[in-house]
Amino acid sequence: MHDWDTTEGMPLARSLSITSLSGLEEWDEEFELEDAVLFEIAWEVANKVGGIYTVIQTKARMTAEEWGENYFLVGPYVESNVRTQVELIEPTNPVLKRTIDKMNSSGCKVYFGRWLIEGSPYVVLIDVSFTAWSLDRWKSELWKLCAIGVPWFDREANDAVLFGFLTAWLLGEYAAQSEEPPHIVAHFHEWLAGLGLVLCRQRQLPVATIFTTHATLLGRYLCAGNVDFYNNLAEFNVDKEAGDRQIYHRYCLERAAAHCTHVFTTVSQITAIEAEHLLKRKPDIVTPNGLNVKKFSAMHEFQNLHAQSKNRIQEFVRGHFYGNLDFNLDKCLFLFIAGRYEFSNKGADIFLEALARLNYLLRVNHSDVTVIAFFIMPARTNNFNVETLKGQAVRKQLWDTAQTVKDRFGKKLYESLLVGQLPDVSKMLDKEDFTIMKRAIFATQRQCQPPVCTHNMLEDSSDPILNCVRRIGLFNSSADRVKIIFHPEFLSSTSPLLPMDYEEFVRGCHLGVFPSYYEPWGYTPAECTVMGIPSISTNLSGFGCFMEEHIADPSAYGIYILDRRYKDVDESCNQLTSFLFQFCKQSRRQRIIQRNRTERLSDLLDWRYLGRYYIAARHMALAKAFPDTYIYEPHEPSPTSGFRYPRPASVPPSPALSRHSSPHHSEVEDNEEDERYDEDLEAEKDRANIRQPYNMPVKGKAVLGANGSSADEAGVKN
């Protein structure tokens with residue numbers, strides 16, 4: 001029997017784990033899931049709160065293909081979400097139907113339906129508030145069993161207690177209603193669902209358990225407090241730190257789940273190190289987050305979409321900067337940062353500082369490039385800024401004026417040609433036309449500079465982004481080559497200001513900037529990559545470490561990785577400024593080449609590849625919980641070549657960041673870029689470096705191995 005290998009030379013210490021995609025080798029026997037059933041339990045099932053919703057929603061199709069009718073997602077019943085996302089139906093599984101009927105007759109409210117997303121998975125939704133009458137009883141039981149006391153005022157922890165006891169009840173009832181001993185796999189995400197796992201183990205239910213932490217509670221709190229987190233990981237007194245932040249009970253729930261589970265997983269290698277120090281258990285396997293990558297049949301369709309979306313952003317910019325539009329929009333680069341408004345954790349602080357330094361560099365080098373940086377981070381506002389709305393109204397008015405004059409001009413031109421005369425250009429525009437145009441120009445006069453913020457902020461004087469802008473002095477003045485637009489609201493296609501959804505906006509930008517200090521995975525740069533948009537992330541984000549590991553020269557592929565682990569803030573800021581300045585120096589053609597390369601990396605982030613880590617975790621859990629039925633024998637990991645994209649063989653993507661692949665590079669070569677770049681040849685070489693997609697087997701058939709041959713992936717049935 002084979003087992004998996006792990007790769008050599010990873011950026012950080014390894015768990016028994018697989019983080020290189022070639023890490024899973026083939027298995028010789030069939031692995032049947034026919035009598036096994038999978039429950040995936042999370043607070044964000046059909047309930048969007050944060051990034052875990054994206055993980056579960058995008059992964060559902062692949063998991064449903066693998067498990068078929070035996071896959072059930074379990075989450076909280078939230079009526080507003082159910083109305084728009086879930087089709088309630090009768091349970092199709094007779095054991096589950098008996099389970100839900102029994103719970104409903106015992107004072108619960110449990111619903112069953114299909115979640116209306118790709119894969120249409122079954123969902124079991126539990127009305128937590130309906131059983132709130134049991135809260136005190138269950139809290140005292142929790143204290144007797146685990147010595148964890150939950151304070152009455154922590155509503156989120158109260159929900160976690162109710163949800164935990166109800167999910168354990170559901171799994172226990174399912175086991176009791178099964179005619180033959182069932183093989184249940186229960187996968188719990190995050191501390192909010194973790195109590196159910198602890199109770200399953202305490203009650204010795206026949207359940208193989210997996211616990212995935214997407215970010216540790218204590219890690220998020222400590223990083224928000226401006227501590228030198230990563231250099232002091234081993235030094236923290238975790239009990240004291242959790243107690244000081246009044247989250248000790250939450251921390252205990254999370255740590256209990258991590259220690260009770262059969263298989264403990266995290267989303268990235270950087271989070272694995274964090275979990276080992278803060279939760280005191282080394283993860284068994286790393287399960288990176290993927291996306292459903294939609295490939296276009298036309299190779300360069302994504303480039304066309306970029307051009308269309310960029311034009312829409314340019315229209316917004318024309319309105320926003322009316323009266324101060326003294327820069328060339330064709331030489332204007334759009335940068336953006338987006339996500340939760342965590343000023344330091346998400347790196348908005350270092351981005352603003354780097355923008356100030358970039359502005360200086362562009363000015364002293366007399367660059368004709370203008371950079372517009374968008375900050376898309378939701379904050380408390382009380383509506384749009386009047387000046388911003390006026391800008392869009394003025395732009396529309398100028399457009400209407402131009403159309404009116406054009407129509408009048410066209411009519412005269414047409415009549416002149418009809419009578420066989422070349423038009424007298426001096427008579428084509430009469431006095432009235434000039435009057436209309438002059439009035440339009442006077443209307444665009446502006447006494448103030450274009451606003452930095454598009455909305456009226458409720459806490460303007462204490463807002464960290466606005467205060468930082470005041471400190472660095474970037475107020476969108478004509479002299480500045482860097483302009484800032486802070487949009488403190490998520491984007492929407494129905495907005496009167498910038499009517500674009502997030503995906504469309506990302507496609508229209510040139511570079512995503514995510515210099516996060518704390519980012520367990522990082523969906524924002526991953527989304528940029530699959531859309532072919534270059535991005536900057538850090539070696540403290542799961543995404544950055546993952547890309548560093550699989551790409552020989554990440555910057556050549558438009559993945560710039562900032563060092564925030566081994567450099568101080570000022571050095572990191574200088575490195576970020578250098579990345580931005582080099583990006584500004586690229587020609588349009590170099591940016592197009594770079595976008596082609598970036599988009600080719602999207603296969604790396606597809607669930608068809610990354611989903612196999614979840615498969616391995618489930619097989620590992622089954623083998624640990626049911627050793628008589630499933631076998632799993634990991635050997636000592638041996639190094640493999642991994643799978644890495646090589647350094648591209650042709651034109652460098654930027655003037656300074658990539659070295660020539662030829663040992664003898666001359667000035668002549670630099671002038672022959674067109675001859676040296678072959679998109680098809682480069683794409684073919686990249687395709688040779690990535691494995692074929694993972695095709696889900698028909699149930700009961702052999703699982704396709706990671707190397708493409710028919711094989712079982714993690715165990716055999718006796």
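**Salt bridges, cores and an enclosed helix in a predicted model**

R408, K412, D430, E432 and D433 are joined to one another in a network of salt bridges. The model in which this network appears is a predicted one. Side chains of opposite charge can pair when their charged atoms come close. Across the whole structure, a search finds 39 salt bridges.

One of these pairs consists of R618 and E66, whose side chains meet at 2.6 Å, N to O. R618 belongs to helix α22 (residues 607–625) and E66 to helix α1 (residues 51–67), so this salt bridge ties together parts that are 552 residues apart in sequence. Both R618 and E66 are buried.

A second pair is formed by R363 and D480, with the closest N and O atoms 3.2 Å apart. Because R363 lies in helix α12 and D480 in the loop between α16 (464–472) and β15 (482–487), the pair ties together parts that are 117 residues apart in sequence. The two partners can be described separately with respect to burial. R363 has a relative accessibility of 41% and therefore counts as partly exposed. D480, at 5% relative accessibility, counts as buried, the cut-off for burial being under 20%.

A third salt bridge joins R470 to D460, and here the closest N and O atoms are 2.3 Å apart. R470 is in helix α16, while D460 is in the loop between β14 (455–457) and α16, and the two residues are 10 residues apart. R470 has a relative accessible area of 38% and is partly exposed. D460 also counts as partly exposed, at 34% relative accessibility.

The overall architecture of the protein may be considered next. Its secondary structure comprises 25 helices and 19 strands. Of the 718 residues in the protein, 58% are buried. Among contacts with a separation of 6 or more, 75% are accounted for by residues 24 or more positions apart. The accessible surface amounts to about 30000 Å², and carbon and sulfur atoms hold 51% of this area.

The interior contains nonpolar cores. The largest nonpolar core has 93 residues, of which V317, L355, F374, F375, F505, M547 and L580 touch the most other members. Helix α12 (residues 348–364) gives the most to this core, contributing nine residues. For M547, the contacts beyond its neighbours within four places in sequence are with T529, P554, I559, I561, L601, L604 and L605. Another core, of 75 residues, lies apart from the largest one, and its members include I126, L197, Y517 and L540.

Nonpolar residues also occur at the surface. Y414, L418 and V419 make a nonpolar surface patch of about 360 Å². Within this patch, L418 is found in helix α13 (residues 386–418). L418 has a relative accessible area of 58% and is therefore exposed, since the cut-off for this class is over 50%.

Helix α10 was examined with regard to its surroundings. Eight of the 10 residues of α10 (residues 269–278) are buried, so the helix is largely enclosed by the rest of the structure. The buried residues of α10 are Q269, I270, T271, A272, I273, E274, A275 and L278. An α-helix has 3.6 residues a turn, so residues three or four places apart point the same way. The cover over the buried residues of α10 includes the helices α7 (217–224), α8 (238–244), α9 (248–260) and α19 (542–550). Strands β9 (263–266) and β10 (285–286) are also included in this cover. After α10 comes K280, which has a positive phi, near 65°.

A local arrangement is found at N104, which lies in helix α3 (residues 94–104). At 32% relative accessibility, N104 counts as partly exposed. When residues up to four places away in sequence are not counted, N104 touches K109 and V110. The side chain of N104 reaches the backbone nitrogen of V110 at 2.7 Å.

How values were computed:
Residues numbered from 1 in each chain as written. Predicted model: local features only at pLDDT ≥ 70, side-chain atom pairs only at ≥ 80, totals over all residues. Heavy atoms only, no water. Helix = DSSP H or I, 4+ residues; strand = E, 2+ residues; numbered from the N terminus. Buried < 20%, exposed > 50% of the residue type's maximum accessible area, 1.4 Å probe, protein only. Contact = heavy atoms within 4.5 Å. Areas by Shrake-Rupley, 256 points an atom, 1.4 Å probe, with all protein chains shown as cover. Patch = residues over 30% accessible without salt bridge, like charges linked within 9 Å, V, L, I, M, F, W, Y side chains within 5 Å. Salt bridge = Lys/Arg side-chain N within 4 Å of Asp/Glu carboxyl O. Core = buried A, V, L, I, M, F, W, Y, C linked by side-chain atoms within 4.5 Å. Polar contact = N/O pair within 3.5 Å; in protein donor to acceptor, adjacent residues only side chain to side chain.
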